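Me: Got a minute to go through this model with me? I'll paste it in.

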Amino acid sequence: MRPVPPRTAFCKSAVPSSVREAYLWGREHLSACGVEAAALEAEVLLRCALGVTRAQLYVRWPASVEEGAWRRYVELLEQRGSGRPLAYLVGEREFCGLPFWVDERVLVPRPETEHLVEVVLEATRDVKDPAYVDVGTGSGAVAVALAVRRPDATVYATDVSRDALAVAERNAGRHGVSGRVQLLHGDALEPLLQAGLRAHAVAANPPYVPPSARSELPPEVLAEPEVAVFAPGPRGVELHERIADQARAVLRESGVLALEVAAKWDQARQVMRTLERMGYREVRAVRDLAGLERVVVARWR
Ligand SMILES: C[S@@+](CC[C@H](N)C(=O)[O-])C[C@H]1O[C@@H](n2cnc3c(N)ncnc32)[C@H](O)[C@@H]1O
């Protein structure tokens, strides 16, 4: 998406005569700004401004728009057109079928990360009362989804960002799993190592964009926290390697390590080679729905 000045006759001072007209204006504005899913996003923002459900929106299609709602809608459209992620504007994103609160403090959970959750659940299907770790929990999406899907699980979720942990705490509360999701502030697996905690699976979606790729990123991604997006080294897999190294002291026998990687920069191959060198077994890559290698999985001893 490129934030270019709209080519539309977008006139924010004139309140349109109907909800339908407001929608059409918004769609045209977003489309002119280069937003790919302009139709869907204009509808979502209009619903947000009006405070209505999808069904209510269509019922109100011919009705007039109150001036305050129109001003809210225009503000949302302008922010979206200048590259602010839709999820931050509406304050929510769905992940594994669950709604998560999100804002500028956390990465917006991505659908491809749902594979990480599925891989861990599948690999620990036969483990009773499993202990899971989610390194770099952000909004808490992975940790909370694991806790919801496995009611007998305990989940340890770490992050270096206290801001992110505050969001994760709200999301754990929202889904009624606060008692089973322990939020730990610290670097990678350090908090578990210090407390002598062990787990049946360690999952992570670490920041993996090499800093040199900054210019390739769309404005939405640049609006997300730097610490959530950019890897701490030039290859993008440096944090993956540190987590894998530390996980050897955290994982129980046959414990599972699952690391999300970028579908480029040869990251899956690099991480697989590292895990094999470290002594992990059954090292493999799981592909996403687009057929790209997304999650590297292995077992410890
Ligand atoms: C790509 S985001 C993933 C967030 C969330 N797990 C998800 O998949 O939506 C990476 C997260 O790792 C955290 N992080 C970055 N470096 C870290 C480190 N050294 N130790 C722990 N967390 C880290 C960031 O604050 C961010 O929340």
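Reply: Sure. Helices (H or I, at least four residues) and strands (E, at least two) are DSSP runs here, numbered from the N terminus. This is a predicted model, where local features need pLDDT of at least 70, side-chain atom pairs count only at pLDDT 80 or more, and totals for chains, interfaces and linings use all residues. Residues are numbered from 1 along each chain as its sequence is written.

Me: OK, so how many helices and strands does the protein have?
Reply: There are 13 helices and 9 strands.

Me: And where is Glu282?
Reply: Glu282 sits in strand β8, residues 281-287. Its phi is positive, about 50°, although Glu282 is not a glycine.

Me: Is Glu282 buried or exposed?
Reply: Glu282 counts as exposed because it has 12 C-beta neighbours inside 10 Å. The cut-offs: buried takes 20 or more other C-beta atoms within 10 Å of the residue's own, exposed is 12 or fewer, and partly exposed is in between, with C-beta atoms placed from the backbone.

Me: What about phi of Asp129?
Reply: Positive too, near 45°, and Asp129 is not glycine either. Most residues other than glycine have a negative phi. Asp129 lies in the loop between α6 (114-123) and β3 (131-135), and it is exposed, with 9 other C-beta atoms within 10 Å.

Me: Switching to the ligand. Which residues come nearest?
Reply: Gly136, Gly138, Ser161, Asn205 and Ala228, out of 24 around the ligand. A residue is near if its C-beta atom, placed from the backbone, lies within 6 Å of the molecule.

Me: Which elements supply at least two residues of that shell?
Reply: α7 (141-149), β4 (154-159) and α11 (226-229) each do.

Me: And the shell by class?
Reply: 14 nonpolar, 8 polar and 2 charged residues. Nonpolar means Ala, Val, Leu, Ile, Met, Phe, Trp, Tyr, Cys and Pro; charged means Asp, Glu, Lys and Arg; the others, Gly among them, are polar.

Me: Zooming out, how is the protein divided into domains?
Reply: Domain 1 is 19-83 and domain 2 is 102-300, with bounds from an automatic or database domain assignment. Their centres, taken over C-alpha atoms, are 35 Å apart.

Me: What's the radius of gyration?
Reply: 21 Å, which agrees with the value near 19 Å for a compact globule of 301 residues. That radius is taken over C-alpha atoms, and the globule rule is 2.2 Å times the number of residues to the power 0.38. The C-alpha atoms fill a box of roughly 65 × 40 × 30 Å along the principal axes.

Me: Last one: what share of the residues is buried?
Reply: 42% of the 301 residues.
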